[in-house]
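Q: Let's zoom in on one part of this model: the strands and what goes on around them. Take it slowly and keep it chatty, please.

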Amino acid sequence: MRLKTIAHSPRLHLLYGNLRDSPAITRALKEAQPDEIYNLAAQSDVGISFKCPEETWEVNYAGAKRLIREAMRICPKARIYHASTSEMFGTTPPPQNELSAFAPVSPYGEAKLKAYRELVCGYRAKHKLFICSGILFNHESSRRGEHFVTRKTTLSLAHIKLGLQKSFALGNLEAKRDWGFAGDSVRAMHLMLQQKTPKDYVIATGESHTVREFVEAAAKELGMTIRWSGKGLREVGKDAKGRIVVRVDKKFFRPSEVRDLRGDASSARKELRWKSHTSFKQLVRMMVSADLKNVRQQMH
Ligand code: F7E
């Protein structure tokens, strides 16, 4: 949710906090005295983590450690949810579940794995803390940051549809992701903290699509058909009139890539009675129509 929206909600009370600053965390926890803590804070951009590995480590591992250690001191009874990620599976082939091997290939995945092993699994065993993790596969919505591939695509295509932009560039079109709706994932996070015992769960739809398929599906929602031609960095996607709308640019490729993620959420289905309620098509439709509306509003 955008900060602006949160700040104006009468049901929410915002406290200042900073994962780089233990006293700031202490103050917020003392004031809030929370029953439940959801640590969703992160440097969450995998691509950026190659450029800023120390910052990523500082927030995603050390920051999480500060928060959890302060919570143990100030509100030891609070139940803690810590956001883990499918990026921890890295090169392990799909379907990935709670028993799959971890093999991260990015500073983001490495920092998240360290936090998961030490702070979630380790502290839970050592300190009898109620802490657990959702190992979440990609979760998207119209609130997704504009540099992530789904939102970048829906926003760019909305601009193109309304004549405000001619084309946009992407990196690896063949990467496969298990894209679900963020609202479904949040439901799972809450369910995890309502269980008798803390346990970690893979949260995923069980279906994966390539970036290319996401682009095609989003274009289709706008009544556009993409025809691909060329190979590698020369590949382009053209509309029905032969105009280039998608290009490939090497600056959007990562030094190492997680090629194929598809989660097996059977444990969550069985034990949490959780399932994804939103299909890939519904998700794409939701994101495209929100961006089309956004862009139209900005035009007036
Ligand atoms: O990339 C490829 C890119 O940045 C998805 C985060 O929430 O989910 C997210 O991480 C795929 C990758 O998300 C572009 O190479 C192609 O294969 O949208 P993304 P992500 O890296 O999967 C996980 C679960 C998290 O935990 C993370 O915090 O798309 N791709 N062309 C591109 N990606 C971007 N961003 N931009 C492109 O132009």
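A: Before the tour, one cut-off: a residue counts as buried when its relative accessible area is under 20%, as exposed when that value is over 50%, and as partly exposed in between. And bear in mind that this is a predicted model.

Let's try the cut-off on Glu235. You'll find Glu235 in the loop between β10 (227-229) and β11. Its relative accessibility comes out at 10%, so Glu235 counts as buried. The side chain has a partner, too: Glu235 makes a polar contact with the side chain of Arg212, at 2.6 Å.

Glu235 brings us to β11, so let's step into the sheet there. Four strands make up this open sheet, in the order β5-β12-β11-β10, and their pairing is mixed. β5 and β10 are the edge strands, and each has a single partner strand, so one side of each has no neighbour in the sheet. On average, neighbouring strands of this sheet are turned by 25° against each other, if you ignore direction.

Where does the mix come from? Look at the two pairings of β12. With β5 (residues 168-170), β12 (residues 244-248) pairs in the parallel sense, over 3 bridges. With β11 (residues 236-238), β12 also has 3 bridges, but here the strands run antiparallel. A handy residue to click on is Arg247 in β12. Ala169 has Arg247 as its bridge partner, and Val236 is bridged to Arg247 as well. β11 and β12 form a hairpin with 5 residues between the strands, and in that hairpin Gly242 takes a positive phi near 85°.

Now over to the other sheet. It's an open one too, with 4 strands in the order β1-β2-β3-β8, and here the pairing is parallel. The edges are β1 (36-39) and β8 (201-203), each of which pairs on one side only. From one strand to the next, the twist averages 25°.

Walk across it from the β1 side. β1 and β2 are parallel and share 4 bridges, among them the one that sets Glu36 opposite Arg79 in β2. Strand β2 (residues 79-85) is mostly covered, with 6 of its 7 residues buried. On to the next pair: 6 bridges connect β2 with β3, running parallel, and Ala83 stands opposite Gly134 in β3. Then β3 (residues 131-136) is joined to β8 by 3 bridges, again parallel. In that pairing, Ile135 meets Val202 of β8. As you turn the view, keep in mind that side chains in a regular strand alternate between the two faces of the sheet.

Which residue should you look at on the way into β8? Try Lys199, which is found in the loop between α7 (182-193) and β8. Its relative accessible area is 35%, so Lys199 is partly exposed. The C-alpha atoms of Lys199 and Ala240 are 50 Å apart, although the two residues are separated by 41 positions along the chain.

Last stop, the ligand. It is surrounded by 22 residues, and the closest are Ser44, Thr85, Lys152, Arg254 and Glu257. Thr85 takes you back to β2, which spans residues 79-85. Split by type, the shell around the ligand has 10 nonpolar, 7 polar and 5 charged residues. For the polar pairs, start with Arg254: one of its polar side-chain atoms lies 2.6 Å from an oxygen atom of the ligand. Glu257 has a side-chain N or O atom 2.6 Å from a ligand oxygen. His147 takes part through its backbone, with a polar atom 2.9 Å from a nitrogen atom of the ligand. How much of the ligand is covered? Taken alone, it exposes 700 Å², and the protein buries 96% of that.

Technical notes: Residues are numbered from 1 along each chain as its sequence is written. This is a predicted model: local features need pLDDT of at least 70, side-chain atom pairs count only at pLDDT 80 or more; totals for chains, interfaces and linings use all residues. Side-chain values use heavy atoms; hydrogens and water are left out. Two strands pair if DSSP finds at least two bridges between them. Axes are lines fitted to C-alpha atoms, for helices over the stretch in contact, and angles run from 0 to 180 degrees between N-to-C directions. A residue is near a molecule or strand if one of its heavy atoms lies within 4 Å of it. A polar contact is a pair of N or O atoms within 3.5 Å; within protein, one must be able to donate a hydrogen and the other to accept it, and residues adjacent in sequence count only if both atoms are side-chain atoms. Accessible areas come from the Shrake-Rupley method with a 1.4 Å probe; for residues, only the protein chains shown count as cover. Ala, Val, Leu, Ile, Met, Phe, Trp, Tyr, Cys and Pro count as nonpolar, Asp, Glu, Lys and Arg as charged, and the others, Gly among them, as polar. Buried means under 20% relative accessible area, exposed over 50%, partly exposed in between (1.4 Å probe, protein chains only).
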